[in-house]
Amino acid sequence: MNVLLVLGHPRTDSLCGSLAAAYRDGALEAGVDVRELAVAELAFDPDVHEVSPSDQRLEPDLREAQESIRWADHLVFVYPNWWGTMPARLKGFFDRVFTPGFAFVEYDEGEGAGHEGLLDDTTAELLVTMDMPPWVYRWIYRQPGTNAVKRATLGYAGIRTTRITNLGPVEASTLDEREAWLEKATRLGRTLADGPDSRSTRVRRRTTAWLKALRLQFYPMAWAAYTIGALAAAGSSDAVSSLPYWLGFTFLFFLEAATVLSNEFIDYPSDRENTFAGPFTGGSGVLVDGELDFAALRRGIGVALLFAVGAGGAALAVSSGSTLLTAAVMIALGALALGYTLPPLEFSYRTLGELDVAITHSTGVLLCGYVVQGGAAADPLPWLLSIPFLLAVLPSITLAGVPDRAADRSADKETIAVRFGIDGAATVAAATALLASLTGVVWAAVGIGGGLYGPLVALSVPHALALVWLLRTRLGNRTTPARIDGLMVASLSFLVWFAIVPLLNLI
């Protein structure tokens with residue numbers, strides 16, 4: 001590991017200087033390569049005089065500093081906290097060194113996220129002295145200086161801060177306290193033998209990566225449809241506390257997990273090219289960002305499928321319905337869900353992905369809840385209940401392909417947006433939203449579906465009209481992809497009317 005130790009104090013013969021030396025000694029004991037840089041010894045103008053920092057000629061010392069930062073795997077900044085933040089000379093160092101083209105690049109309007117950090121393979125830690133108790137700085141003052149360095153400076157450049165160590169109060173400290181701080185700095189350096197992250201940090205990052213990969217924001221949609229089916233079959237709210245209900249839901253949860261992870265695995269070529277992915281579009285990015293590797297993802301898919309099969313088998317054992325029928329529904333649902341990207345079905349590569357998602361997340365899971373609670377698949381009720389829900393899913397899943405269009409096309413993925421263009425996707429989303437509202441209102445008026453779509457479903461009509469207006473204003477005549485997070489929220493929230501209204505009437 002290459003470590004660059006940056007002393008940010010304007011005096012090298014300071015406590016910070018001693019702490020940096022102690023950290024260096026510990027790091028050398030850990031067997032890492034260490035370079036040292038003291039901003040007090042650099043010859044440079046700390047002020048930016050040009051319009052952009054990149055327009056100002058870099059002094060030789062700053063060019064060497066950039067080369068050292070490129071060389072480093074881990075950066076360590078040791079500096080005092082003055083007036084809540086860093087010394088002026090360290091701030092000038094950041095202003096001059098972390099320039100566009102070196103630390104980050106900015107995209108022009110319409111090209112995506114706005115900026116990309118160029119130092120995202122680097123980690124950092126902060127060792128900060130102060131003349132107040134660290135807990136006061138953190139909890140009362142909310143540590144403005146360390147937040148600025150961690151988030152607004154290092155984070156903007158893509159650097160991940162692994163550890164922040166605050167030491168103080170310095171002015172009233174005793175010799176024993178300062179010696180203890182020096183020993184602590186040495187221990188911090190020694191920990192680099194196991195990498196820049198502590199064991200707890202590694203566990204936390206791994207857990208966060210898996211949660212990110214699972215994309216839990218999409219699971220409530222399947223839960224709502226499944227619960228509607230279960231309540232409709234049981235005729236009582238007691239169904240949600242029954243063992244078959246929870247075993248069936250566990251089956252669905254792990255099937256969804258296996259599906260999402262499979263999509264992440266197969267869609268890597270598309271995700272790698274996608275600069276417009278958002279919380280509801282594209283992949284999670286765990287493979288692209290290196291948070292998980294392909295081997296880990298394969299293991300995750302295998303574990304999820306194992307749990308799905310186990311929960312499904314247990315649900316079959318306790319279900320009051322036909323074992324053969326329930327098994328057939330589960331197998332068909334599993335094939336449709338996994339077939340979204342997995343061969344041989346590969347629905348998302350055949351312009352059938354949107355319909356597949358709509359069916360599995362409406363009719364499929366609703367029917368699963370229905371048969372697990374003893375209902376018969378031949379009953380018209382679950383099928384009729386699922387039609388408005390199915391139509392309401394289509395706008396959001398169709399629009400999800402708009403930001404991904406260029407990346408999907410490069411990976412030969414035939415979504416609706418790829419095949420029919422952005423205008424075509426907007427037309428499908430608008431038409432299905434209006435049709436979902438119309439169907440819900442008709443169902444409520446005529447009493448189709450057991451009358452579970454009550455008068456409240458009429459509130460979906462203004463929502464659908466608002467969505468159509470948004471589609472016209474945001475996507476009208478657009479030919480290039482873009483982030484559409486607000487539009488995705490509007491289309492996903494449209495689903496609420498077709499989940500909440502039946503649930504309220506069933507409880």
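Visitor: Which are the buried residues of α19?

Guide: This is a predicted model, in which local features need pLDDT of at least 70, side-chain atom pairs count only at pLDDT 80 or more, and totals for chains, interfaces and linings use all residues. Residues are numbered from 1 along each chain as its sequence is written, and side-chain values use heavy atoms, with hydrogens and water left out. Buried means under 20% relative accessible area, exposed over 50%, and partly exposed in between (1.4 Å probe, protein chains only). In α19, a helix (a DSSP run of H or I, at least four residues, numbered from the N terminus), the buried residues are Phe498, Ala499, Val501, Pro502, Leu503 and Leu506.

Visitor: Against what do the buried residues of α19 pack?

Guide: Helix α19 covers residues 496–506. Contact means heavy atoms within 4.5 Å. The partners of the buried residues of α19 are α8 (219–234), α14 (380–399), α16 (416–446) and α17 (460–475).

Visitor: Is Val496 buried or partly exposed?

Guide: Val496 lies in α19, but is not listed among the buried residues there. With Leu456, Leu459, Ile500 and Leu504, Val496 makes a nonpolar surface patch of about 430 Å². Patch residues have over 30% relative accessible area and no salt bridge (a side-chain nitrogen of Lys or Arg within 4 Å of a carboxyl oxygen of Asp or Glu), with like charges joined within 9 Å and nonpolar side chains (Val, Leu, Ile, Met, Phe, Trp, Tyr) within 5 Å. At a relative accessible area of 41%, Val496 is partly exposed.

Visitor: Which side chain is joined to that of Thr341 by a polar contact?

Guide: Thr341 sits in the loop between α12 (323–338) and α13 (353–372), and is buried, with a relative accessible area of 0%. A polar contact is a pair of N or O atoms within 3.5 Å; within protein, one must be able to donate a hydrogen and the other to accept it, and residues adjacent in sequence count only if both atoms are side-chain atoms. At 2.7 Å, the partner side chain is that of Asn263.

Visitor: Which backbone oxygen does the side chain of Thr162 reach?

Guide: Thr162 belongs to strand β7 (residues 160–167), a strand being a DSSP run of E, at least two residues. Thr162 is buried, at 12% relative accessibility. Its side chain reaches, at 3.3 Å, the backbone oxygen of Pro196.

Note on methods: Accessible areas come from the Shrake-Rupley method with a 1.4 Å probe; for residues, only the protein chains shown count as cover.
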